[in-house]
Structures are given as C-alpha cells and as structure tokens.
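Here's a quick tour of a ligand site and a few backbone oddities. Have a look at the model first, then read on.

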Amino acid sequence: MTTAPLDLRLSDRLSTASPSATGAVSELARRLVSQGRSVISLSEGELDFDTPAHIQHAAIKGIVDGHTRYTGVGGSPALKAAVVRKFARDNGLDYTASEVIAATGAKQILFNAMLATINPGDEAIIVAPYWVSYSEMVKIAGGEPVIVTPDASRNFKITPDELASRITPRTRWLILNAPCNPSGALYTRDELRALADIVRQHPRLMVLSDDIYEKIVYEGEFISFVQASPDMRERTLTVNGVSKTYAMTGWRLGYAGGPAWLIKALELLQSQSTSNPSSVSQVAAAAALDGPQEFLDVWRERLRARRDMALSILQGAAPLLTITRPPAAFYLFANCAGAIGTRTPKGERISTDSDLARYLIEEAGVAVVPGTAFGLAPYLRLAFALSDERLKLACEQIVAACALLTRD
Ligand SMILES: Cc1ncc(COP(=O)(O)O)c(C=O)c1O
C-alpha cells in the first residue's frame, strides 16, 4: 500500500505575521546568559519592582478564601466593579458593568478587538513607532495595518491632517497608544480633541485608546481619549491593565471599557477560547485598583531618576546615538543614524539598527531592541526599568562600545 506524502501546513492567516521582535532579543539574551555570558537586558517591557505586598497578600487570601473557580467570562462582578470605579476615579469615564471586561492581559483584549471587528481588507491606522504587536494582530485578523510616521520633532504624534489623509472607506480603527511604547509620546487634551474632530466625520471609524502606561508620566498630564471628547465613548475601546502600573506583568490581567456591543463580542471570543482570566489574578487586580495608590508616586520618581541618569551617561555616545527626553513610559528611543555606516573592531559594517543591536549585545553585553521592530529605523529602544546599578553599567558599556565604532 502506498502512503500519500504528508502535506501539512499552517493557515494562510499566519503567513504574513511575524513573531514578536522584542521576544527575539530577549531570547538571544537568554541564550548568551545560558552560555555563561553576562548580559544586561534593556529589552524587557516590564518594571523590575516586585508586585506590592498588599496585592500579593490579597491574592494569597483570595486562594485561601476559595477564589479558585471559573468566574464570569469577562471577569467577576467584584473585579468589574473595581474597574468601573477606576475608570470613574482616574479618567472621569462612566462605564457600567456591561461596558467593561477583564481578560488575560491587555494583549488579549487588543487581539480580540481586532478579531471581532476586522473583515479581510479592512484597515487600521497605526502610529509609528508603535508597540510591536498592533500590526501583527491586525494582519492575523485579516486586516491591513496602515502605518503613519509623524515627525520626530513632534515626538511622533499624529496630526489631524496626517490622520485625515490616511482614512479610506476601509479604515476601521485608529490605534492610539499614549504614553507610547516606545517613544513615550503623550497627547494633550487639545491634540486629542483635534483628532476626534477628524474621527467624527467617519461613521465606520473606531478608536482604540491603549492607556496601559497612563501612570508613568514625568512631564505633562495623561488624558484618555474619551475623557478629552466624551462623544467618542460609543466608538472607543479604552484599554488598560495592571501589568505596567502595578508591576504585575506575570499575573496576566488587562481590562477595557467600551460600547456594550463590542464588550459582548469580546466576551464571546473569550468564552470560546480562554474563558475567564485567572481568578486569583482577578482578586489581585481588584486589590491593586481599589488599594493605596501613593506608592506609584515613589515608583515614578525612581523611574524619573533612572531616565535622567541614563540620558546623561548616554550623551557620551553622541552623535552616534541621539535621544530626546521622553515625557512618559520607561523607554528611551534613541536615534542611531549616526552609527549607521560605521565598522566594529572586527571589521563588520553596521548597516542597520538591527546590526547595531546585535553588536551591542555581543560586544557590550547589553540587549536592546532595534527600532525596526517598532516600525521605525534606525532607532534603538532601551528600557530603563531596571536597578540603578545595572542601568548605569549598561549605559556605560554602550558608550564604551560605541566609542570603538569607526568610519572608513
Ligand atoms: C503599549 C502596550 N500595550 C499593551 C501591552 C500588553 O500588556 P499586557 O501585559 O496587559 O498584556 C504592552 C506590553 O508590553 C504594551 O507595551
């Protein structure tokens, strides 16, 4: 009997999606570490702080008290109530329980939002530099990312004209992320209102406001999109989570507020995939949202000090690296145009930001993410959410490695 040759393949849906580039750098760093090399990672998008003790204890008590079973798909009534309170208290948004959802990270909400609303060929406007996953999520959902790259001199903030010029009959989403990962860009109330004026003219257009870095603001004030223009409520999904604010990346708990029909669709997708987010993480997240917030001021000041220290050391790498002080989030987005065309001590040419990132990890023992991963080259993203000593050492090693680059 002859057997037919195997013909196994992945779906077309996956043919255009790429794995997370930030993950690839972390992976290379882990490999070098496992070979005994010392690598300082500036590539991680997470705080080095521990989840605060009151949140840890709430979770442990939650387990003991029996919060170990399935909950409602979109979160327990207790967590939903805490999310409703949070939006009202911090953002002046009056969502009801049927207009909020909790999920396994903000990432799950963003992914499901694309899956729930995008038909093949639909477009989503994404502002570069952008968080790596937006474009891939849009593609996996069958849509087309439309990348807009605002001027660096405006800190990469999209203008109303830029937005208007990229809207087509197929545009479904404007994805806004402020404070932005990786640029730290923060929009003022007036800037958000001016964007809403354009959005208002397009009945199919929705806005995804990814507010996940809202508490990490050093200069300026955070305003959520709907807060700036309340009439945008019916077409905006306001996404947030406990990962970045409360040092809870591993707990996998995100939440969102939006129109009830969309929240219902997100619940439907969750009900057929992951069901509720971890019951224990829900208890912890409710404690985080309802608990004391004062420690966030202390964390922010520690981060501000790290940002300023890193910037002052990295000035030593100018003009190979030029960096604008970010007003928010915990990343430096360094322009590395000055390093392109140089040679390493081994004679290898630095032609791209990825070449420079590879050189820095191999020679300086510092892992950073090339701007290419965020849709803008030549840049490097350096996360400064790690201990002062390690951050200082990493920046000094970058400066020393840059000093070894030569021009022909
Ligand atoms: C801009 C942005 N949105 C969303 C997320 C995902 O957060 P979560 O851990 O809640 O899935 C991240 C994580 O890096 C992020 O940087």
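What follows covers the ground rules, the ligand, its pocket and some unusual backbone spots.

## Ground rules

This is a predicted model, where local features need pLDDT of at least 70, side-chain atom pairs count only at pLDDT 80 or more, and totals for chains, interfaces and linings use all residues. Numbering runs from 1 along each chain as its sequence is written, and side-chain values use heavy atoms, with hydrogens and water left out.

## Around the ligand

Count a residue as near the ligand if one of its heavy atoms lies within 4 Å of it, and you get 14 residues around the ligand. The closest are Ala-106, Asn-181, Asp-210, Ser-243 and Lys-244. By class, the shell has six nonpolar, four polar and four charged residues. For those labels, Ala, Val, Leu, Ile, Met, Phe, Trp, Tyr, Cys and Pro are nonpolar, Asp, Glu, Lys and Arg are charged, and the others, Gly among them, are polar. Helix α4 (residues 106-117) gives the most to this shell, with three residues; helices (H or I, at least four residues) and strands (E, at least two) are DSSP runs, numbered from the N terminus.

Which side chains have an N or O atom at a listed distance from a ligand oxygen? Arg-252 has one 2.8 Å away, Tyr-213 has a polar side-chain atom at 2.8 Å, and for Trp-131 the distance is 3.5 Å. (The cut-off for a polar contact is a pair of N or O atoms within 3.5 Å.) Taken alone, the ligand exposes 400 Å², and the protein buries 93% of that, going by Shrake-Rupley areas with a 1.4 Å probe.

## The pocket

The ligand sits in the largest pocket, meaning that more than half of its atoms lie within 2 Å of the pocket's grid points. A pocket here is an open set of points on a 1 Å grid over the protein atoms alone, with protein on both sides within 12 Å along at least five of seven lines; lining residues have an atom within 4 Å of a point.

This pocket holds about 590 Å³ of space, taken as the space filled by probe spheres set on the points, which are joined across faces, edges and corners. Of its 31 lining residues, Gly-45, Lys-107, Trp-131, Lys-244 and Thr-249 are the closest to the centre. The lining divides into nine nonpolar, 15 polar and seven charged residues.

## Backbone oddities

Most peptide bonds are trans. The one from Asn-181 to Pro-182 is cis, with omega near 25°. Another cis bond joins Ala-377 and Pro-378, with omega about -5°.

Conventions:
Polar contact = N/O pair within 3.5 Å; in protein donor to acceptor, adjacent residues only side chain to side chain. 1 Å grid on protein atoms, 1.4 Å probe; cavity = no way out; pocket = protein on both sides within 12 Å on 5 of 7 lines; lining within 4 Å.
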